[in-house]
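Student: Hi! I've just opened this one and don't know where to start. Could you walk me through it?

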Amino acid sequence: MTSQPATVTGGGPAVYRPRPSAWPRRALVWTLRLALLGALLGTWEWMGRTQGSQFTFPAATDVAASLIELLSDGEVWAATLVTLEAFAIGFGLALLVGLTVGMLAARFTVADRLSAVYLRILMTAPLAPLVPLLIGLFGIGLTSRVALVFLFSVAVIALNTRTGILNVDRSLLQMSTSVGAGEWLTFRRVRFPGAVPSIMAGVRLGAGRAVIGMVVAELILVQVGLGRLISIYRGRFQAADMFAVVIVILLIGVTILLTVKWLERRMTVWKE
Amino acid sequence: MEGVGAPVGSSRPLITIDSVDKHYRTRSDADLQALDGITFDVRDREFLSILGPSGCGKSTLLRIIDGLTSYDGGSVAIDGEPVTGPGPDRAVVFQNFALLPWATVLDNVAFPLEARGLGGRERRDQARAALQQVGLSEFEDHYPRTLSGGMQQRVGLARALAVDPRVLLMDEPFGALDALTRTFLQDELLNIWSRDRKTVVFVTHAIDEAVYLSDRVVVMSPRPGRVAEIVDVTIDRNRGADVRDTPEFNELVGHMRRVLRDFVSDGETAA
Amino acid sequence: MRALTYPIRAVYRHAPGLFTIIPLLLLWELVGRLELIFVLPPLTEVLAAGWELITSGVIGENVGGTLYALAVGLGISVVFGVGLGIAMARYRLVDEVLGIYVDVLMSAPVSAIVPVLVLIFGTGGESIIAAVVLFCFFVITVNTYSGVKEVDENLIEMARSFSVPEHLLLRRVVLPGALPLMLTGLRMGIGRSVNGAIFGEMLVSVVGLGGLLILYGSRFQFDRLDALILMIVGTAVLLMTFFEWVERRLLSGRFEAGDEREA
């Protein structure tokens with residue numbers, strides 16, 4: 001299992017890479033993996049055919065068929081773009097604001113004290129309840145969704161940025177003073193590069209939360225994008241189609257996260 | 001430049017340390033005295049070691065000389081000028097190397113020059129020259145993590161030499177290295193030093209290292225750190241590795257060991 | 001006199017930002033009175049509505065359902081999540097086979113699966129429980145896994161050299177060693193389960209606190225909506241802060257700042 005590196009910021013999981021297995025073992029592992037997947041899909045199929053109905057619990061094959069149909073149909077792509085629009089703008093803003101606030105909080109105690117409470121609230125409180133409020137404020141358009149994505153992700157970015165800058169190796173800072181580097185040079189060459197791993201971890205976590213925010217907004221708002229498709233299919237009791245859209249959303253989320261993880265690895269190449 | 005076999009340094013004091021005290025305030029608001037009445041001179045172009053057990057304040061003293069830490073009583077002056085902060089006349093070599101892991105070896109060595117405002121080409125050229133002095137020219141594009149501990153410390157040394165300081169301050173520079181590397185680097189250091197004869201203040205807790213490298217050794221007592229004794233190393237400057245087997249060498253080591261041992265047995269903790 | 005001001009000074013020392021909320025509250029009242037923002041009635045009205053919600057029992061009726069779903073969902077997640085985490089950490093084959101799936105499910109936006117759950121389990125409490133499990137199961141698993149993995153290898157070797165049977169090994173060596181991260185996982189799990197429960201209820205929109213949120217929103221009863229939001233957010237923040245404090249006390253020395261942690 002490849003869990004996330006345990007930086008000061010990441011969640012508990014330590015870095016773990018499965019030791020390279022010898023050929024027979026790899027074959028065994030993959031066989032078991034696929035067998036498990038097969039068993040699950042098989043159970044799903046069986047349950048769908050015998051227990052559920054096409055209205056409440058579609059069989060796996062039906063869902064697969066819907067998925068293929070969906071992907072070849074243009075509608076899903078248009079809906080995806082609409083959905084992603086909120087993500088892109090919201091996450092973009094969160095990066096901007098989060099990085100700025102994080103850096104300010106690391107540098108100025110006043111900024112730190114002021115922002116601490118709000119960041120904590122945004123990190124620990126359930127934000128879904130804010131959706132009706134946002135709807136009341138901004139209506140059911142893009143703005144509410146962007147706002148939710150922003151609120152979901154800005155805090156973790158800011159906090160990780162702050163921690164990263166504050167926790168730079170003290171001996172390096174001492175060296176920098178000793179060598180006569182001014183504050184700006186020290187920031188450019190020591191504090192900021194040293195903070196990058198933590199910042200990237202924050203970006204990764206932020207991306208995850210932004211995706212969640214995007215999904216939550218859509219499902220509750222149901223007016224646009226993939227959320228709307230889900231609502232339509234649910235209303236028409238087209239369970240298989242609804243399932244298929246859900247899978248599309250999941251794929252989008254996973255893709256975004258994998259991309260960010262890759263980016264994170266690229267930017268921390270100098271670490272052991 | 002004086003020749004290799006020349007008499008011990010010139011006798012003119014470059015660094016004057018007079019009755020320096022240093023106090024710390026602990027978490028529970030108690031007063032901890034790290035240094036008490038430290039007084040000695042460092043002569044121009046001499047290699048002087050500060051020897052003492054862990055916790056005696058020798059690293060603190062070095063930081064005071066560099067201007068990184070303030071002091072509470074007495075005075076510290078270099079060439080007559082009191083020390084108020086770090087300056088271009090001093091450079092430090094750190095125990096755990098303090099290299100920027102995200103910068104190449106060359107950029108690491110050039111960093112102090114960048115701090116002085118030198119342009120890119122100029123500082124890289126000077127950095128290259130320094131790297132050549134320590135024999136690491138081929139590694140200029142490497143990242144620190146690809147180098148061994150000994151090599152990393154040589155980069156640290158190159159960085160200190162790159163600014164051509166009057167005083168080289170070395171804070172247990174070989175403390176984080178294994179014994180074999182340490183011996184090798186001691187010789188390297190003497191080689192490099194003999195070319196230029198900068199003034200060196202070398203902090204260590206290893207007696208043989210202090211005797212091997214220095215002209216004089218300041219022996220310090222455990223906290224509160226005081227100057228216990230200043231020992232002249234009367235061995236010829238033209239030393240080889242075999243000097244460690246000579247009776248003079250071992251007499252000096254033995255003497256210092258006894259001085260240090262007396263502190264511990266006097267009940268003063270070395271922590 | 002000093003004793004009376006102690007709580008205030010304590011708050012100032014630990015959370016000075018809280019004092020910035022006071023001007024915001026005043027601003028809220030002002031904005032409300034001037035009817036500047038549609039969704040912000042005067043703070044006093046919001047507080048009054050909140051009080052009414054509590055006293056009239058509306059909150060009481062609905063919070064029960066939410067709490068029940070949380071308890072059951074967390075219970076299931078803890079029992080099976082810890083079990084899975086230990087199994088994956090102790091048996092490499094299990095780890096390699098299941099690892100991929102756990103990874104994918106951790107990074108996927110599981111909130112998208114909630115409509116599916118509603119479809120399967122209907123609009124009753126079961127789908128909320130399922131949502132809670134969905135949200136917190138993997139966090140608990142992954143943290144348990146890491147916790148067990150980080151137990152000092154030397155201790156395990158030592159136990160094996162004395163032929164300590166597996167169940168005793170688990171009880172005396174592995175679990176105590178893994179406890180710190182397991183607690184972290186539990187804390188994160190609790191946070192996420194609250195999210196799951198409320199979100200699930202909002203989607204279903206006829207049960208629990210989430211249902212109330214949708215209801216008030218749709219009826220434009222913003223005094224009630226704001227009051228409910230304040231209550232939920234406030235409780236959640238206090239709860240999580242409390243757990244962080246507990247975690248810090250129990251694991252003095254080994255605890256790292258919990259703010260930024262999130263699986």
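Tutor: Happy to; we can go from one chain to its core and then to the contacts between chains.

Tutor: One thing to keep in mind is that this is a predicted model.

Student: Good to know. How many helices and strands does chain A have?

Tutor: Chain A has 10 helices and 0 strands. Read from the N terminus, its elements run α-α-α-α-α-α-α-α-α-α.

Student: And what share of chain A is buried?

Tutor: Of its 272 residues, 49% count as buried.

Student: What about contacts in chain A between residues at least 6 apart in sequence: how many join residues at least 24 apart?

Tutor: That share is 71%.

Student: OK, let's go inside. How many residues are in the largest nonpolar core?

Tutor: It has 224 residues. Those with the most contacts inside this core are A:Leu148, A:Val149, A:Val245, A:Val246 and C:Val132. Helix H8 of chain A, residues 183-221, gives the most to the core, with 18 residues.

Student: Pick one of those. What does A:Val245 touch?

Tutor: Leaving aside residues up to four places away in sequence, A:Val245 touches A:Leu70, A:Leu226, A:Leu229, A:Ile230 and A:Tyr233.

Student: Back to H8(A) for a second. At what angle do H6(A) and H8(A) pack?

Tutor: Helix H6 of chain A, residues 142-166, packs with H8(A) at an angle of about 160°, and their axes are 7 Å apart. Angles over 145 degrees count as roughly antiparallel, so that is how H6(A) and H8(A) lie to each other. Their crossing is right-handed.

Student: What kinds of residues make up that contact?

Tutor: The contact of H6(A) with H8(A) has 19 nonpolar, 10 polar and 4 charged residues.

Student: New topic: which chains share the most contacts?

Tutor: Chains A and C do, out of the 2 pairs of chains in contact. Chain A brings 60 residues to their contact and chain C brings 62 residues.

Student: Which helix gives the largest share on the chain C side?

Tutor: That is H9(C), with 11 residues. Several helices of chain C each supply at least two residues to that side, including H2 (18-33), H7 (125-149) and H11 (222-250). By class, the side of chain C that touches chain A has 40 nonpolar, 12 polar and 10 charged residues.

Student: And how far apart are the closest C-alpha atoms of chain B and chain C?

Tutor: They lie 17 Å apart, and no contact joins chain B and chain C.

Conventions: Residues numbered from 1 in each chain as written. Chains lettered and ligands numbered in written order. Predicted model: local features only at pLDDT ≥ 70, side-chain atom pairs only at ≥ 80, totals over all residues. Contact = placed C-beta atoms within 7 Å. Helix = DSSP H or I, 4+ residues; strand = E, 2+ residues; numbered from the N terminus. Nonpolar A, V, L, I, M, F, W, Y, C, P; charged D, E, K, R; others polar. Buried ≥ 20, exposed ≤ 12 C-beta atoms within 10 Å, placed from the backbone. Core = buried A, V, L, I, M, F, W, Y, C linked by C-beta atoms within 7 Å. Axes fitted to C-alpha atoms, helices over the stretch in contact; angles between N-to-C directions. Parallel < 35°, antiparallel > 145°, perpendicular 65-115°, else oblique. Left-handed = near helix turned anticlockwise from the far one by under 90°.
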